[in-house]
Every structure is written in structure tokens, then in C-alpha cells.
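User: Please take me through this model with some care, and state the cut-offs behind each term as you go.

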Amino acid sequence: MVEIRSVGVMGAGQMGSGIAHVCALAGLDVGLYDVARDRLEACLNVVSANLSRQVASKKITEEQRREALSRIKLLTDLEGFSDTDLVIEAVTENETIKRKALSQLCPELKPEAMIGTNTSSVSITRLAASTDRPERFIGIHFMNPVPVMQLVELVRGIATEDETFEAARNFVSKLGKTVAVSEDFPAFMVNRILLPMINEAIYTLYEGVGTVDSIDTAMRLGANHPMGPLQLADFIGLDTCLSIMQVLHDGLADSKYRPCPLLVKYVEAGWLGRKTQRGFYDYRGATPVPTR
Ligand SMILES: NC(=O)c1ccc[n+]([C@@H]2O[C@H](COP(=O)([O-])OP(=O)(O)OC[C@H]3O[C@@H](n4cnc5c(N)ncnc54)[C@H](O)[C@@H]3O)[C@@H](O)[C@H]2O)c1
């Protein structure tokens, strides 16, 4: 059985920071890489702030925080992954970008290294086929925010070996998370169910049935959701939401998955939600203000 002692995280965005956080806290050595160099320091600052929050709420000790931070190394090139047991790809949710990133990654890895992808929707089998090791490739789908959310979906591609699956399962339990196994179908389980609901909320806004505020209030108080669907869309990232809907629409060829034109428009405007400070809400002031 392969034991995962070191983890590489490729893509230091929202998810990359969360994955680095939980891996370092679980005692694993972490290498963090992003094509955008400025993302690396920003990502480490996010991890540091989130660890401090956990210290303040007495979930971890100050010593655990310090140790976790010291385990994260920022990498300026892919060669830094040469001795890593498992690299988790968490780059932008776009199949072309992911395939290119994976094909650049493979030559830098030791032969026995595993690759996990954190994709929310893209076929694991297709991504695996763009690597030199489809048998050691698997979907390890963390939820956002990673330090808080309990679930990880594990998704095997057609070629994923049992040993890879078991190593991934052990890795996830070492992080203290719970596995749900999904078959390799577009958007797997959580997003197959969640994203059409969010897309429908955007249609509800688009058709003028309700405002941003009334739709989110309706679902928080009327369906007991912890946050409204439009607030959640901003949290996920509207570009990621659109990509997932496109994968569902293309992959399942059913018009019920058609991305709402209003979602497309927000993405075209570069209003991607919290990460760009504007989406269905404007986050530039002290409190979020609906943009419609
Ligand atoms: N946002 C969510 O709620 C959520 C939840 C679960 C899974 N995911 C998945 O996680 C992945 C990342 O999503 P995110 O929300 O962190 O996106 P993000 O936009 O916050 O971050 C993506 C990062 O990838 C980097 N990147 C792009 N190309 C790269 C390359 N070739 N090599 C290295 N880095 C590269 C970008 O510079 C950026 O920093 C996506 O596959 C997404 O679907 C997202």
C-alpha cells in the first residue's frame, strides 16, 4: 500500500489554500505551486489567517498552527514536485487548462507518484488520459471551505487501480474527512444536485420572479439552507459554476442543464463572486450589497 507522506498542491486559489491547510495540519509535507506567482504568498496568508481563526476558536493549538505553517513550502516551478507522493491538481475549472497543466506536471513526478484532481465536474477518465499514469490517477473532490467541510468525493476513472483508490481513501481519513464514492459521471454527486439548484435560482432572478435578496432569504428561511443559493454561487465562484453547468449540459445532453444567460453575463463581465469582490453581491464595502 502506498503511504502518502508528502502532498503537492497545483493551483493556489480558494481550494488550493484549503487543501494545503488541511494536509499541513494533518502532519503532511506540502508543496504549493501556481502559475501566477503572486497567488502563492496570498494563499499562504489565507492559510495563516484561517489557522489563526482555528486557534482563536480553540480547535487547534498555537503550536499546531506554527507546525502546520512550517510544513508548507512555496514552489516556483514544477520540479519542486519531484519527490512528492501525491499531487492534487486544483487549477481553474476548465478542461483545456487542466489537461495542459497535467501534461506539464507528469514529467516532473517520480514514477510511483499519484495524481488527484479536485475537479468539480470534468470526467476523471478523460483527465487521466492526458497523464502518463491513468492507473494512479483519481478524483479527490474536496468541498469549499476545505477546513470546515466534512465530505470528500472519491471518483475512480476507468483505469484507476484498487491500490490508488485505497491509498486515496486512507489519505482522506488521515485528514479526518468522510468519503462518499461517486461514479465518474458529469459533476459527480454533490454538484450534479447542487448546481442545477443554483442555476435555477439564477433563472428565478433573470425572469424577475424575485430579487437577489428575496431569493436568498426565501431559501435560507423557507428551505433552511445555511446560505442563499446566490450567496453560495458567489462563494463557489461564478466561473466555476458556469463551467460545471456547461459540463452537465454537454455531458448529459439535456436542456434542463442549460446555463442561465444571466450567469454567462456575470462571468463575461468578470464579476466572478467573492474572489473578484463582485458577483450577485458587491463585497467592496463593509457589508455585501446585492447587484440586482
Ligand atoms: N470553488 C469551489 O467552491 C470549489 C469546490 C470544490 C472544487 N472546486 C474545484 O477546485 C478547482 C479550483 O477551484 P478554485 O475555486 O480554487 O479556483 P480559483 O480560481 O480560486 O483558483 C484557481 C487557481 O489555479 C491557478 N492556475 C491556473 N492554471 C494553472 C496551472 N497551469 N498551474 C498552476 N496553477 C494554475 C490560477 O492562477 C488560480 O490561482 C476547480 O477544479 C474547481 O472546480 C472548487
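The turns below deal with a pocket, a set of paired strands and the database annotations.

Analyst: This is a predicted model, in which local features need pLDDT of at least 70 and side-chain atom pairs count only at pLDDT 80 or more, while totals for chains, interfaces and linings use all residues. Residues are numbered from 1 along each chain as its sequence is written, and side-chain values use heavy atoms, with hydrogens and water left out.

User: Which helix gives the largest share of the lining of the second largest pocket?

Analyst: A pocket here is an open set of points on a 1 Å grid over the protein atoms alone, where a 1.4 Å probe fits, with protein on both sides within 12 Å along at least five of seven lines, and lining residues have an atom within 4 Å of a point. The lining includes Thr92, Glu93, Asp239, Leu242 and Val267, and it draws at least three residues from each of domain 1 (6–183) and domain 2 (192–290), bounds that come from an automatic or database domain assignment. Helices are DSSP runs of H or I with at least four residues, and strands are runs of E with at least two, numbered from the N terminus. The largest share, 6 residues, comes from residues 238–252, which form helix α10.

User: What is the volume of the second largest pocket?

Analyst: Grid points are joined across faces, edges and corners, and a volume is the space filled by probe spheres set on the points. By that definition, the volume of the second largest pocket is about 200 Å³.

User: Which residue in β8 stands opposite Val152?

Analyst: Two strands pair if DSSP finds at least two bridges between them. Strand β7 (residues 151–156) runs antiparallel to strand β6 (residues 137–142), with 5 bridges, and Phe142 stands opposite Val152 in β7. On the β8 side (residues 178–182), 5 bridges join β7 to a strand that runs parallel. There the residue opposite Val152 is Val179.

User: Which residue of the UniProt "binding site" annotation is included in the lining of the second largest pocket?

Analyst: UniProt positions are given in the numbering used here, with feature names shortened, and annotations may be inferred rather than shown by experiment. In an unreviewed entry, UniProt's "binding site" covers residues including Gly11, Gln14, Asp34, Glu93 and Lys275. Of the annotated residues, the lining of the second largest pocket includes Glu93.

User: What percentage of the chain is helix over residues 188–283?

Analyst: UniProt, in an unreviewed entry, places "domain: 3-hydroxyacyl-CoA dehydrogenase C-terminal" at residues 188–283. Over this range the end C-alpha atoms are 31 Å apart, strand makes up 2% of the chain, and helix makes up 61%.
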